[in-house]
Amino acid sequence: MSRHRDHGGGLDAAVARFGGEKSDWIDLSTGINPTAYLIGEMPPSAWETLPDAAAQDSLIQAARAYWNVPRGASILAAPGASALIARLPALWPKARVEIRTPTYNEHAAAFEAHGWTLDGTDPSVQVAVHPNNPDGRLWRADELTAPITIIDESFCDVMPEKSHIERVTDGRTIVLKSFGKFWGLAGLRLGFAIGAPEWINRLSTLTGPWAVSGPALAIGTRALNDPDWALQTRINLAQSSARMDDLMQNKGAKLIGGTDLFRLYEVDNARAFQDHLAKGRVWSRIFPYSDTWVRLGLPAPDRWDQFEAAL
């Protein structure tokens with residue numbers, strides 16, 4: 001039986017239920033930076049020709065420098081981290097995998113689809129989302145003890161000093177990176193797997209040729225080579241998340257955790273709180289396993305007044 005995949009988003013359903021036009025709404029159900037990287041001009045060749053090796057190499061070099069990838073580790077770019085998550089279980093013989101919950105549910109769905117058993121007893125693979133989604137938990141190095149470890153750092157760009165990237169040379173660790181969240185370009189579909197050359201080469205075979213589009217290669221390279229933008233963005237996101245905390249706590253919500261891209265709060269009744277915000281055309285994230293947790297992304301700079309009015 002396939003696992004139910006519960007995600008943020010679903011704004012179309014919210015509009016159908018509560019009314020208004022899609023443009024009236026603020027979608028805070030995902031943890032995507034609301035101030036996206038400006039992509040600039042795109043050369044026609046990015047659209048008109050198959051991505052060439054030079055463009056792919058430029059992106060990989062930019063990723064290696066940006067994330068301080070140790071020498072000896074390989075990097076694979078793919079059409080989103082989710083595309084990599086879906087293929088990773090095929091790299092090893094199916095056995096037991098440890099995925100502590102609550103966390104991003106695509107990992108469990110992928111391993112189950114490949115016939116693995118979700119069991120934390122003597123697992124051959126351990127998955128750690130770092131920082132975790134939805135609570136922002138950070139994993140210590142001594143907690144990552146399985147023979148093979150997948151560390152999903154999709155939200156770690158807000159705190160690069162906490163990355164476990166140095167582990168990728170140990171021959172038993174793969175680190176995943178998401179481009180869309182921190183750079184606010186989720187529709188571009190770009191993600192990375194970093195690890196031992198043997199694993200990355202096999203993963204590359206599974207993803208096939210030309211997996212990343214020409215525009216994604218060009219935009220990703222440009223953004224990863226722009227550390228000043230990243231530095232200023234971390235400052236802006238930290239200020240915005242602090243503003244969100246003040247507003248929510250003034251309404252009686254308790255901060256549970258999160259990152260500077262999303263915040264997790266405890267309220268008396270999560271569904272009622274979601275419905276209350278929806279009347280003001282603000283969509284939030286609640287969870288099937290909790291009656292009290294609400295997760296909120298950050299509004300765009302020009303939409304804070306609407307969020308405050310919805311509260």
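Here is a short chat about how the two domains of this predicted model meet, and about a few unusual backbone spots.

Colleague: Before we start, what are the ground rules for this model?
Modeller: Residues are numbered from 1 along each chain as its sequence is written, and side-chain values use heavy atoms, with hydrogens and water left out. Totals for chains, interfaces and linings use all residues, while side-chain atom pairs count only at pLDDT 80 or more and local features need pLDDT of at least 70.

Colleague: How far apart are the centres of domain 1 and domain 2?
Modeller: Domain bounds here come from an automatic or database domain assignment. Domain 1 is made of two stretches, 11-36 + 228-310, and domain 2 is 44-225. Going by C-alpha centres, the separation is 26 Å.

Colleague: How much area do domain 1 and domain 2 bury between them?
Modeller: Contact, meaning heavy atoms within 4.5 Å, takes in 20 residues from domain 1 and 19 residues from domain 2. Buried area is the accessible area (1.4 Å probe) that two parts lose on being put together, summed over both. Carbon and sulfur atoms carry 70% of a total of about 1,600 Å².

Colleague: And how many residue pairs are in polar contact across that interface?
Modeller: Salt bridges (a Lys or Arg side-chain nitrogen within 4 Å of an Asp or Glu carboxyl oxygen) come to 0 between the domains. A polar contact is a pair of N or O atoms within 3.5 Å; within protein, one must be able to donate a hydrogen and the other to accept it, and residues adjacent in sequence count only if both atoms are side-chain atoms. With both residues at pLDDT 80 or more, the number of pairs is 6.

Colleague: Which element gives the most to the side of domain 1 that touches domain 2?
Modeller: Helices (H or I, at least four residues) and strands (E, at least two) are DSSP runs, numbered from the N terminus. Those giving two or more residues are strand 9 (254-258), strand 13 (290-296) and helix 8 (227-250). The top contributor, with 5 residues, is helix 8.

Colleague: Which proline follows Thr101 through a cis peptide bond?
Modeller: Most peptide bonds are trans. This cis one has omega of about 0°, and the proline sits in the loop between strand 3 (96-99) and helix 5 (106-113). That residue is Pro102.

Colleague: What is phi of Arg189 near?
Modeller: Arg189 is in the loop between strand 7 (173-178) and strand 8 (191-195). Its phi is positive, near 60°.
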